[in-house]
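Hello,

Here is the structure for your set-up work. Please look it over first; my notes follow below.

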Amino acid sequence: MTEVERPVEGPDDSAAGGGDEERTEGERAGEERPEAEDAGTERLEADQTDDEPAAPRRGRRRITVLIAVAALAFVLDLVSKLAVVAKLENHAPVELLGTWLQLNVIRNPGAAFGLGEALTLLLTAIAVAVVVVIARIARKLYSTPWAIALGLLLGGACGNLTDRIFRAPGVFQGAVVDFIAPKHFAVFNLADSAIVCGGILIVLLSFRGLDPDGTVHRD
């Protein structure tokens, strides 16, 4: 009986068949790999987002607070000076607490508390520089305590600067009106008090590590 001859597969045919299977599996793996990479990338980005600290929410700038405090300090200083000049200048001192605290009007060409009487023009330039610096800081002011401190400085500086511009003997050479006279201490005004209080508050805020933009740093 004659055996049916079967076709013998050659090595080329086996290689071709296996290659098709390998290419099919490779193409399948290539199609699945980008999806896995995309998923891993999304997980990595999500993990990084979770690990990153959220940016502090500083809210609105505190320019309104600064302007309100500065305006209040300026108006109180201006009104008090107008009143004491009209009622008390060239009169005997008025005793509030005996000789320990009096109202005594004097004209001061120098700095706060009667210092630097020969530096009127320089002190005027410094006052203008203070106003400019505060205006620049106000653009990134998010801290209410800093707004109060800078408002006190601004109001006090503008109060004394107004005297130097508009009072005798001339523009930018005017003498500042001082009238609060404690015993054994220099005579000063409300603008001087606002400047000193604002400066003390700034020192305290700096020691606590609070910046004008609302951030807190630890040295």
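Confidence in this predicted model peaks in helix 2 (residues 63-87), at a mean pLDDT of 97. Helix 1 (residues 11-51) has the lowest value in the chain, a mean of 50. Here pLDDT is the predictor's confidence in each residue, from 0 to 100; helices (H or I, at least four residues) and strands (E, at least two) are DSSP runs, numbered from the N terminus. Residues 14-19 fall below 50 and have one contact (heavy atoms within 4.5 Å) beyond near neighbours in sequence. Residues 46-56 stay under 50 too, with zero contacts beyond four places in sequence. The chain average is 79, and 68% of the residues score at least 70.

Next, the fold. The chain has five helices and three strands, in the order α-α-β-β-α-α-β-α from the N terminus. Strand 2 (residues 101-108) pairs with strand 3 in the antiparallel sense, over six bridges; pairing requires at least two DSSP bridges between the strands. One partnership joins Gln102 to Ala181 of strand 3.

Then burial. In strand 3 (residues 176-182), six of the seven residues are buried, meaning under 20% relative accessible area with a 1.4 Å probe, protein chains only. Across the 219 residues of the chain, 28% are buried.

On conventions: residues are numbered from 1 along each chain as its sequence is written. Local features need pLDDT of at least 70, side-chain atom pairs count only at pLDDT 80 or more, totals for chains, interfaces and linings use all residues, and side-chain values use heavy atoms, leaving out hydrogens and water.

Best regards

Conventions: Buried < 20%, exposed > 50% of the residue type's maximum accessible area, 1.4 Å probe, protein only.
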